[in-house]
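Please look over the sequence and the structure below before reading on. The paragraphs after it go through the sites one at a time.

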Amino acid sequence: MSETATAVHAGKYTRNNPFLSEVTVNELLTAPGSEKETRHLELTLEEGMEYLPGDAVGILPTNRAQAVYEVLTALGFTGDERVLDHYKVEISLEEAVRTRLQIGKLARGAVTQMAKLAPGNVGLQAMFGPDNKARAEEYCYGRELIDLVHDFPGVITDPQQLFQVVARLTPRMYSIASSQMAHPGVVQTTVRVVRYDSHGRERQGLASGHIGERAPLGEKIPVFLHANGNFRLPEDTTLPVIMIGPGTGIAPFRAFLEERQAKGETGKNWLFFGEQRRSLDFLYQEQLEGMHKSGFLTHLDTAFSRDQARKIYVQDRMQERAAQIYAWLEEGAYFYVCGDATRMAKDVELALLDAIAKGSQGTLDHAAEYLDGMKKQKRYQRDVY
Ligand SMILES: Cc1cc2nc3c(=O)[nH]c(=O)nc-3n(C[C@H](O)[C@H](O)[C@H](O)COP(=O)(O)OP(=O)(O)OC[C@H]3O[C@@H](n4cnc5c(N)ncnc54)[C@H](O)[C@@H]3O)c2cc1C
Ligand SMILES: NC(=O)c1ccc[n+]([C@@H]2O[C@H](COP(=O)([O-])OP(=O)(O)OC[C@H]3O[C@@H](n4cnc5c(N)ncnc54)[C@H](OP(=O)(O)O)[C@@H]3O)[C@@H](O)[C@H]2O)c1
């Protein structure tokens, strides 16, 4: 991979010194009635901030006002108290809870630190130390700081103790969904808003909730660009690419396709996209079908899991097309996967191995060797989360 292919000039901005970017588009991609709320977001960039398809954008969210208020009230603080942040800068407690502390999903570390503050508290001690790790993790699942404070009142007595108990609020990464060549001056992403109910409360993801609820047009959000040299289009622009991107996994492939189109690259393109329902969840449908119709996107294979009684996933479509996938690999195709790490990426790898074994009329061991060879040539790349 040459320097130019991987180099990105994120400008002077980093996670600790983010760029205050303006929201110029924030629209729903899923239709009313969908079980998902997946959004297309566009954010301005300053001149000199550059990215390549395959990179991510980091977003620094803030906690929602209602959640901040609930935590302060439960602790008996007003928010006007003064505290020192992680850099020992004095700020109000309200600002600290809103912008510096992870008051959302609870980490085991918070339970451990609370237990240290209350050595006599039986409930907290029962979740303390390596022997009680499983119990602490079970407690944390689906809970937030507010639950911990309600369940163990009176433990935090000094506002500064919150910095000991609660982890630092960290940025969230989102795969970039645009080519900068096609959209100068902005970065685009595809965000699924996390919402769920647990332990009698409505919850939302910190960053995706921020984007879903508190990022209207004109709003400023701190962001930074994050290079990913391990997820790149082939340098040889004539080579074919096969992209597996169900759900928000579509994001980097929209960027890949836009880039190849903008540059007039001649390599063939094959996209496998999957979601729950064609009529509600076909992200970027018009654009992708347009690319397919024009012939630029050689193949567009879709798997809508809930449009029929039996679930159909992208790997089922891969199985149907195994012979042609192998033929493309033999032509030197690059194979990319983006999206769910826990289940989809593993199942897709099995389907790929199967396609290689069948195509080469070899064993699965031989297919594994073939895939190893592809990895060494950087022809098998994954961006999964
Ligand atoms: C390299 C990379 C690229 C990514 N690209 C994208 C992308 O393009 N689009 C995208 O949408 N996301 C993407 N993500 C994921 C994204 O970074 C965030 O993790 C995601 O948006 C959730 O963050 P949040 O702050 O909204 O939620 P958080 O506040 O972090 O909360 C999420 C947590 O809530 C808990 N939770 C969720 N649902 C439930 C439930 N039903 N019951 C109990 N607990 C639950 C889980 O612990 C989960 O980890 C990417 C991640 C990485 C690392
Ligand atoms: N950390 C977080 O809180 C967070 C937030 C947002 C997204 N994510 C992750 O981002 C990824 C994408 O989420 P998303 O909602 O856009 O899409 P998704 O959950 O990956 O769903 C997209 C499609 O993939 C299907 N699918 C389910 N299991 C599969 C499997 N084993 N193999 C292949 N396809 C499978 C789904 O079908 P069915 O649903 O019908 O089974 C759906 O049709 C997931 O990893 C998700 O967990 C994480």
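What follows describes the surroundings of two ligands and one pocket in a predicted model.

Begin with ligand 1. Around ligand 1 there are 19 residues, and the closest of them are Arg172, Met173, Tyr174, Ala207 and Ser208. Two of these names return when polar contacts are considered. An N or O atom in the side chain of Arg172 is 2.7 Å from an oxygen atom of ligand 1, and a polar side-chain atom of Ser208 is 2.6 Å from an oxygen atom of the ligand. Ser175 contributes through its backbone: an N or O atom there lies 3.2 Å from a nitrogen atom of ligand 1. On its own, ligand 1 exposes 980 Å², of which the protein buries 72%.

The shell around ligand 1 can also be read by secondary structure. At least two residues each come from strand 6 (172-175), strand 7 (186-192) and helix 9 (206-213). Strand 6 gives the largest share, four residues. By class, the shell holds nine nonpolar, six polar and four charged residues. In terms of domains, domain 1 (3-61 + 171-226) and domain 2 (65-165) each provide at least three residues of this shell.

Next comes a pocket. The second largest pocket encloses about 410 Å³ of space. It is lined by 15 residues, with Arg15, Leu60, Thr99, Arg100 and Arg168 closest to its centre. Seven of the lining residues are nonpolar, five are polar and three are charged. Domain 1 (3-61 + 171-226) and domain 2 (65-165) each supply at least three residues of the lining.

Turn now to ligand 2. Of its 18 surrounding residues, Arg192, Thr248, Ser305, Arg306 and Tyr313 come nearest. A backbone N or O atom of Thr248 is 2.8 Å from an oxygen atom of ligand 2. Gln276 places a polar side-chain atom 3.3 Å from an oxygen atom of the ligand, while a polar backbone atom of Tyr385 is 3.5 Å from an oxygen atom of ligand 2. Taken by itself, ligand 2 has 880 Å² of accessible area, and the protein covers 78% of that.

Which elements supply at least two residues each to the shell around ligand 2? They are strand 12 (269-275) and helix 15 (344-360). The shell around ligand 2 has eight charged, six polar and four nonpolar residues. Domain 1 (3-61 + 171-226) and domain 3 (241-384) each give at least three residues to the shell around ligand 2.

Technical notes
Residues are numbered from 1 along each chain as its sequence is written. Chains are lettered from A and ligands numbered from 1 in the order in which they are written. This is a predicted model: local features need pLDDT of at least 70, side-chain atom pairs count only at pLDDT 80 or more; totals for chains, interfaces and linings use all residues. Side-chain values use heavy atoms; hydrogens and water are left out. A residue is near a molecule or strand if one of its heavy atoms lies within 4 Å of it. A polar contact is a pair of N or O atoms within 3.5 Å; within protein, one must be able to donate a hydrogen and the other to accept it, and residues adjacent in sequence count only if both atoms are side-chain atoms. Accessible areas come from the Shrake-Rupley method with a 1.4 Å probe; for residues, only the protein chains shown count as cover. Ala, Val, Leu, Ile, Met, Phe, Trp, Tyr, Cys and Pro count as nonpolar, Asp, Glu, Lys and Arg as charged, and the others, Gly among them, as polar. Domain bounds come from an automatic or database domain assignment. On a 1 Å grid over the protein atoms alone, a cavity is a set of points where a 1.4 Å probe fits but cannot get out, and a pocket is an open set with protein on both sides within 12 Å along at least five of seven lines; lining residues have an atom within 4 Å of a point. Grid points are joined across faces, edges and corners, and a volume is the space filled by probe spheres set on the points.
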